[in-house]
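Trainee: I would like a close look at one single part of this model. Please take me through it slowly and then show me its surroundings.

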Amino acid sequence: MSDLPGLYNYWVTVFLMMAGFYVVISQGNLVKKLVGLSVFQTSVFIFYISMGKVAGGHAPILTEGVTVYSNPLPHVLILTAIVVGVATTAVGLALVVRIREAYGSVEEDDIQALDNAADTEPDGPADSAESPRP
Amino acid sequence: MLLAFLMSIALAVIRVRDLFVVVMLSSVYSFMTATLFMDLDAVDVAFTEAAVGAGVTGVLMLSTLRLTGRWERRPSHGPLLPLIVVSITGAALIYGTLDAPLLGDPMAPVQQHVAPRYIEQGPVEVGMPNMVTAVLASYRGFDTFGETFVIFTAGIAVLLLLGIQEGPQTKPGRTAIGDQLVLRVVVKMVIPLILLYGLYVQFHGDFGAGGGFQAGVIFATAFVLYDLVFGEGDARLVAPPSWLHRLGALGVLIYGGVGLYSLFVGKPFLDYSALSHDPVHGQHFGVLLVELGVGITVFSIVLAIFYALSGRNKAT
Amino acid sequence: MMLLLEILSGVCLLAGSFLCITGGIGLLRLPDFFSRVHAAGLTETLAAPLLLTGLMLQMPWSLELLKVLFILILVMATNPTASHAMAKAALHAGHEPKLGDGSEQGETSSKA
Amino acid sequence: MLTVAILAVLITMVLALVRAFSGRPSVYDRLVAANLCGTKTVLLIALGGYSLQWHSFLDIALLYAMVNFVGTIAVMRFFEYSDAAEETDTGGSV
C-alpha cells in the first residue's frame with residue numbers, strides 16, 4: 001500500500017492530527033484530553049516516518065544486496081520521541097491524579113467552577129457531588 | 001487499509017465515553033500504527049511504538065483511571081465551535097501538503113542532506129549494521145543523552161507529584177485475577193521469556209531492530225505483568241522502589257560517565273573512539289555502554305512511574 | 001519433496017484462513033458473551049498455529065524459523081490463557097452464560 | 001496462498017473491529033475483540049513481513065504477542081478494580 005505514490009499519507013496524518021486536536025479542545029475530561037494528545041502525537045510520528053520513506057527502500061539495517069535504504073534520521077528522532085512521549089504522558093497523568101485529589105473531579109468545567117467559587121468565597125469549595133453517569 | 005483502520009479508530013475514540021474503552025481502543029490504534037511503521041520501513045520505531053504505545057501507555061492510563069473514575073461526562077458546550085476551528089486548521093494543513101514531496105520520492109529534500117552520509121559512512125565509521133542505532137547512539141549521542149535526561153526528569157517529576165511509596169501497601173494476591181491458577185502458571189512461564197527477550201533486544205540492537213529504549217520498556221513490561229497478576233506487594237519485593245530510583249540515576253550516570261571519560265582522554269564529549277585503540281572497536285564498545293545506560297534508565301523510570309501510579313490509594 | 005512442502009503449507013494456510021474468518025464471524029454473530037469468547041478463543045488458538053506452521057513450511061531453514069516457532073509457542077500459551085481469564089473475569093463480574101433451553105430467548109446480537 | 005491468508009486475516013480484523021466499536025452488550029466483548037485484533041496483527045506481521053521481505057519482522061511479531069497478552073491482563077485487572085470500587089463507594093464523587 002505504500003507503493004502508491006501520492007500525498008494521501010499526509011492527508012491521513014492531517015485527519016488524525018485534527019481528530020486528536022478536536023478531542024483536546026472540545027472534551028472536558030482531562031484523561032481523555034491526554035488520549036487525544038497521544039493521538040495527535042502519533043500523527044506527528046506517522047508524518048515523520050512517511051517523510052523518511054524512500055520508494056523501494058529497505059529498512060536501514062545493513063543487508064547484503066540492498067542499496068536503497070530509507071532515511072534513518074527520522075526513525076531516530078521518532079524513536080526517542082516515543083519514549084519521551086510516554087514519560088511526559090506519565091507526568092500528565094500524575095498531574096491528573098493530583099487534580100483529582102485536590103478538586104474531586106477531572107472534568108474541566110467542575111474545576112473551573114470550583115476555582116470561581118474559591119475566588120468569591122475564600123473558605124474553599126465544598127465537595128462537588130456530581131453523580132457519575134451510569 | 002491500515003490507514004482506514006486508523007481513521008475509524010480515531011473517530012471511535014472521539015465518540016466513546018467509557019474511558020476504559022477509549023484506552024483499549026487506543027492500544028489497538030497503536031498496534032495499527034506500529035504495523036504502518038513496519039510498512040514504511042521503520043523497524044525500530046515500530047518496535048518502540050508496539051512496546052510503549054500498546055503496553056506501557058495503556059497500563060499507565062488504566063492505573064490513572066482506577067484513581068479518577070471511569071466515565072466521562074458529556075461536554076457542556078456544543079461541538080460546533082471546536083469543529084469549525086478544527087476544520088479550518090485541517091484545511092490549512094492540507095493546503096500546505098499540496099506542495100510537499102510525494103510519498104517515497106527519493107529526491108525529496110529530506111533525503112538529500114544528512115542522511116546519505118549516515119547511510120554511506122555509518123556502517124564504516126561505527127561498524128554496526130543497524131544505522132538507526134549508529135545514528136542514535138553515536139552521531140546523535142548528545143540528543144539521546146538529552147532525551148535520557150528528559151525521561152529521568154519526568155520520572156522525578158512524577159515521583160515529586162505522587163510521592164514515593166516505600167514498601168508494599170497492599171497484601172499480595174488480593175485481586176481476584178490472582179486467584180486464577182491457570183493464569184498464574186502461564187504468567188510464571190511467560191515472564192522469563194519476556195525477560196530473556198528483553199536482554200536479546202538490548203544486546204542485539206547493533207545488528208537488528210532494538211536497543212536500549214525498547215529493551216528497557218520490555219523489561220518494565222515483564223515486571224508490570226508480575227505486579228498485575230500477583231498483586232502489588234510481591235512485585236515490590238522483587239524490585240523495590242528505592243532500588244529503582246538508584247538504578248535510574250545509575251543509567252544516566254553510565255551515559256554521562258562514558259562522555260566524561262572521553263573528555264578526560266582528550267577527545268570531545270561522547271566521542272567513543274577514545275574507549276579503545278581501534279576507533280571502530282571503541283565506537284562499538286561505547287554504543288554498547290550507552291545503550292546499557294539508556295536501557296537501565298528507561299526500565300527503572302517506567303517501573304517507578306507505574307509503582308507510583310498504581311500504589312496510590314483512591315482518594316475519597 | 002518441495003512440492004509436498006508446498007502442498008502442506010498451502011493446506012495449512014487455507015485451513016488457518018478459514019478458521020480465522022470463522023472466528024471473526026462467530027465473534028460478530030453469536031448471541032452471548034461466552035459463546036463469543038469460545039468462538040474467538042478456540043478458532044484463534046487453532047488458526048494462529050496453522051497459519052504459522054504454513055509459514056514455517058515455506059521458509060528456508062534458518063534462525064528465523066526458530067523465531068516463528070517461538071512465536072507459535074508463545075501464542076499457544078498466552079491465547080487460551082487470555083480467553084480463559086476473560087471468561088472467568090466476566091463470570092466473576094456477574095455475566096451469566098445463556099443456557100439453551102430450547103427457546104430462543106433474550107437479545108440476539110443486533111449487529112448484522 | 002500467502003495472499004489468501006493475509007486477506008483472511010485482514011477480513012477478520014475488520015470483523016473484530018466492528019465488534020469492538022459496537023461493543024454491545026458489554027465491555028468484555030470489546031476486550032475479546034481487542035485481543036483478537038492483537039493476535040491478528042501478530043499473524044499479519046508474520047505473514048505480510050515474510051511476503052514483503054521486511055527486515056526482522058519476526059522480532060516485532062514476537063513482541064506484539066507478548067504485549068497483547070500483557071495488555072489484555074491489564075485491562076481485565078482494572079475492570080475488576082473498577083467494579084469493586086463501584087460496589088464499595090457508590091455514593092462517592094467519581
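**Helix 3 of chain B**

Mentor: Start with length. Helix 3 of chain B has 26 residues, and at 1.5 Å a residue it should span 38 Å. Its end C-alpha atoms are 36 Å apart, which agrees. Keep in mind that this is a predicted model.

Now follow the helix along. There is a kink of about 30° in helix 3 of chain B. The kink is centred on B:V52. After the helix comes B:G69. The phi of B:G69 is positive, near 100°.

Next, ask how covered the helix is. Helix 3 of chain B is mostly covered, with 26 of its 26 residues buried. Set that beside the chain: buried residues make up 54% of the 316 residues in chain B.

Then look across to the neighbouring chain. In the contact between chains A and B, 87 residues of chain B meet 74 residues of chain A. Helix 3 of chain B, residues 43–68, gives the most to the side of chain B that touches chain A. Its share is 14 residues. That side of chain B divides into 60 nonpolar, 17 polar and 10 charged residues.

Step back to the chain. The secondary structure of chain B comes to 13 helices and zero strands. Read from the N terminus on, every element is thus written α. Among contacts in chain B between residues at least 6 apart in sequence, 71% join residues at least 24 apart.

The domain assignment splits chain B into domain 1 (1–99) and domain 2 (106–316). Where they meet, the contact takes 13 residues from domain 1 of chain B and 18 residues from domain 2 of chain B. On the domain 1 side, the residues divide into eight nonpolar, four polar and one charged.

Try the length check on another helix. Helix 10 of chain B covers residues 212–230. At 1.5 Å a residue, its 19 residues should span 27 Å; its end C-alpha atoms are 27 Å apart, which agrees. Helix 10 of chain B is mostly covered too, with 18 of its 19 residues buried.

Now the core. In soluble globular proteins, nonpolar side chains tend to be buried together. Here the largest nonpolar core has 204 residues. The members that touch the most other members are B:A50, C:I71, D:A46, D:I60 and D:A61. Helix 3 of chain D, residues 57–88, supplies the largest share of this core, 18 residues. Both domains of chain B take part: the core draws at least three residues from each of domain 1 (1–99) and domain 2 (106–316).

Pick one of those members, D:A46. In chain C, D:A46 touches C:L52, C:L55, C:V68 and C:I71. In chain D, D:A46 touches D:F57, D:L58 and D:A61, not counting residues up to four places away in sequence.

That leads to the contact between chains C and D. The contact takes 43 residues from chain C and 41 residues from chain D. Helix 1 (2–29), helix 2 (33–58) and helix 3 (63–92) of chain C each supply at least two residues of the chain C side. Helix 3 of chain C gives the most to that side, with 14 residues. The residues of that side divide into 26 nonpolar, 11 polar and six charged.

Terms used
Residues numbered from 1 in each chain as written. Chains lettered and ligands numbered in written order. Predicted model: local features only at pLDDT ≥ 70, side-chain atom pairs only at ≥ 80, totals over all residues. Core = buried A, V, L, I, M, F, W, Y, C linked by C-beta atoms within 7 Å. Buried ≥ 20, exposed ≤ 12 C-beta atoms within 10 Å, placed from the backbone. Helix = DSSP H or I, 4+ residues; strand = E, 2+ residues; numbered from the N terminus. Domains from an automatic or database assignment. Contact = placed C-beta atoms within 7 Å. Nonpolar A, V, L, I, M, F, W, Y, C, P; charged D, E, K, R; others polar. Expected span 1.5 Å × (residues − 1). Bend = angle between axes of the 7 residues up to and from the residue.
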